[in-house]
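Good morning, everyone, and thank you for making time for this. I would like to walk through one structure slowly, so please keep the picture in view as I talk.

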Amino acid sequence: MEGMYLVTDQAACIHHPLETVVAKAVDAGVSCVQLREKTIDTRSFLDRALALKNILAPARVPLIINDRLDIALAAGAHGVHIGQSDMPYAHARKLLGPKAIIGLSVETWEDVVEAQDLDVDYIGVSPVFSTPTKTDTKEPWELEGLERIKGYSRHPLVAIGGLNQGNIAPVIQAGARSIAVVSAICSAPDPFAATRALCACFQ
Ligand SMILES: Cc1ncc(COP(=O)(O)OP(=O)(O)O)c(N)n1
Ligand SMILES: Cc1ncsc1CCOP(=O)(O)O
Ligand SMILES: [Mg+2]
């Protein structure tokens, strides 16, 4: 996991349909897309996963499903992102197999320590900064927390929460291998240009 990571949110797609946002973000260079749907029914979630898979496959960009292992399996997605109250890692790995990408959110120092014994593919440092996009979070890690995790964890770090073109340089500097965003791409009037500008911060 490296570079820009798009996490989708239907409600945040205020200028373009979600599929258009994803297609433009892929053209502009995102390295991973997570389909995150909190309110739609299972059938619609699966249909959307299959639609995104078709957009991502030609560009060889992996599709990660938020929370739902059943959707990931049914859609043939590359993996799942699980949080601290979602399916436990060991069960997720058993169900998805050794090749699946499994990301895990860390919200507390205890989560970081516990993750050290898990063969997750990355940890999502969540949230780095507070964000109106997700309000049911624990205290933001801020840059100091991210640096502390970097100094301890054996896992690649994906930073998420309140990140945009104006504040990601020090987050990358602090050791984030990948930057995950919702609103900075989904709510941008020009998702292609926004993604390009975000990707350029890795150069
Ligand atoms: C890359 C990444 N990091 C963290 C999260 C948050 O996951 P979780 O804590 O399970 O919260 P929800 O996204 O399910 O509301 C994430 N989705 N992606
Ligand atoms: C899904 C998620 N997990 C932690 S913060 C967050 C939302 C990030 O949204 P934004 O990039 O708009 O701050
Ligand atoms: Mg979750």
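Let me begin with two helices: α1 passes α9 in a right-handed crossing. In this model, which is a predicted one, the two helices pack at an angle of about 40°, and their axes lie 8 Å apart. On the side of α1, the contact is made by Val 21, Lys 24, Ala 25, Asp 27 and Ala 28, and on the side of α9 by Pro 191, Phe 192, Thr 195, Arg 196 and Cys 199. If we sort the residues of this contact by character, six are nonpolar, one is polar and three are charged. For anyone new to this, two packed helices are described by the angle between their axes and the distance between the axes.

Let us stay with α1, which covers residues 18–28, and ask which of its residues are buried. They are Val 21, Val 22, Lys 24, Ala 25, Val 26 and Ala 28. It helps to remember here that an α-helix has 3.6 residues a turn, so residues three or four places apart point the same way. The buried residues of α1 pack not just against α9 (191–200), but also against β1 (3–7), β2 (32–35), α2 (42–56) and α8 (183–186). Just after the helix, Gly 29 takes a positive phi of about 115°.

One residue of this helix deserves a closer look, and that is Val 22, which lies in α1. Why does Val 22 count as buried? It does so because 27 other C-beta atoms lie within 10 Å, where 20 or more are needed for a residue to be called buried. If we leave aside its neighbours within four places in sequence, Val 22 is in contact with Leu 6, Thr 8, Val 33, Leu 52 and Ile 55. Of these partners, Leu 52 is 30 residues away from Val 22 along the chain, and yet the two C-alpha atoms are separated by 7.6 Å.

Now let me step back to the chain, which has nine helices and eight strands. Its radius of gyration is 16 Å, close to the 17 Å that the globule rule gives for 203 residues, and therefore the chain is as compact as a globular protein of that length. Along its principal axes, the C-alpha trace spans about 40 × 40 × 30 Å. Of the 203 residues, 44% count as buried. Among the contacts with a separation of 6 or more, 57% come from residues that are 24 or more positions apart.

Next, the two ligands. Around ligand 1 there are 16 residues, and those that come nearest are Gly 83, Ser 105, Gly 124, Ser 126 and Ala 180. The strands β5 (101–106) and β7 (157–160) each supply at least two residues of this shell, and the shell as a whole divides into four nonpolar, eight polar and four charged residues. Around ligand 2 there are 15 residues, of which Thr 131, Thr 133, Gly 161, Val 182 and Ser 183 come nearest. That second shell divides into seven nonpolar residues, seven polar and one charged.

I would also like to point out some details of the backbone. Most residues other than glycine have a negative phi, and most peptide bonds are trans. With that in mind, look at Ser 126 and Pro 127, which are joined by a cis peptide bond with omega of about -15°; Pro 127 lies in the loop between β6 (122–125) and α6 (142–152). Asp 67, in the loop between β3 (63–66) and α3 (69–75), has a positive phi near 70°, and Asp 67 counts as buried because there are 20 C-beta neighbours inside 10 Å. Glu 142, whose place is in helix α6, also has a positive phi, near 60°. Is Glu 142 buried or partly exposed? Glu 142 is partly exposed, with 13 other C-beta atoms within 10 Å.

The last stop is Arg 177, in the loop between α7 (168–173) and β8 (178–181). Arg 177 is partly exposed, because 17 other C-beta atoms lie within 10 Å, whereas a buried residue would need 20 or more. Beyond its neighbours within four places in sequence, Arg 177 is in contact with Met 1, Glu 2, Pro 156, Leu 157 and Val 158. Its C-alpha atom is separated by 5.4 Å from that of Leu 157, although the two residues are 20 apart along the chain. Thank you for listening.

Methods:
Residues are numbered from 1 along each chain as its sequence is written. Chains are lettered from A and ligands numbered from 1 in the order in which they are written. This is a predicted model: local features need pLDDT of at least 70, side-chain atom pairs count only at pLDDT 80 or more; totals for chains, interfaces and linings use all residues. A residue is near a molecule or strand if its C-beta atom, placed from the backbone, lies within 6 Å of it. Helices (H or I, at least four residues) and strands (E, at least two) are DSSP runs, numbered from the N terminus. Ala, Val, Leu, Ile, Met, Phe, Trp, Tyr, Cys and Pro count as nonpolar, Asp, Glu, Lys and Arg as charged, and the others, Gly among them, as polar. A residue is buried if 20 or more other C-beta atoms lie within 10 Å of its own, exposed if 12 or fewer, and partly exposed in between; C-beta atoms are placed from the backbone. Two residues are in contact if their C-beta atoms, placed from the backbone, lie within 7 Å. Axes are lines fitted to C-alpha atoms, for helices over the stretch in contact, and angles run from 0 to 180 degrees between N-to-C directions. A crossing is left-handed if the near helix is turned anticlockwise from the far one by less than a right angle, and right-handed if clockwise. The radius of gyration is taken over C-alpha atoms; the globule rule is 2.2 Å times the number of residues to the power 0.38.
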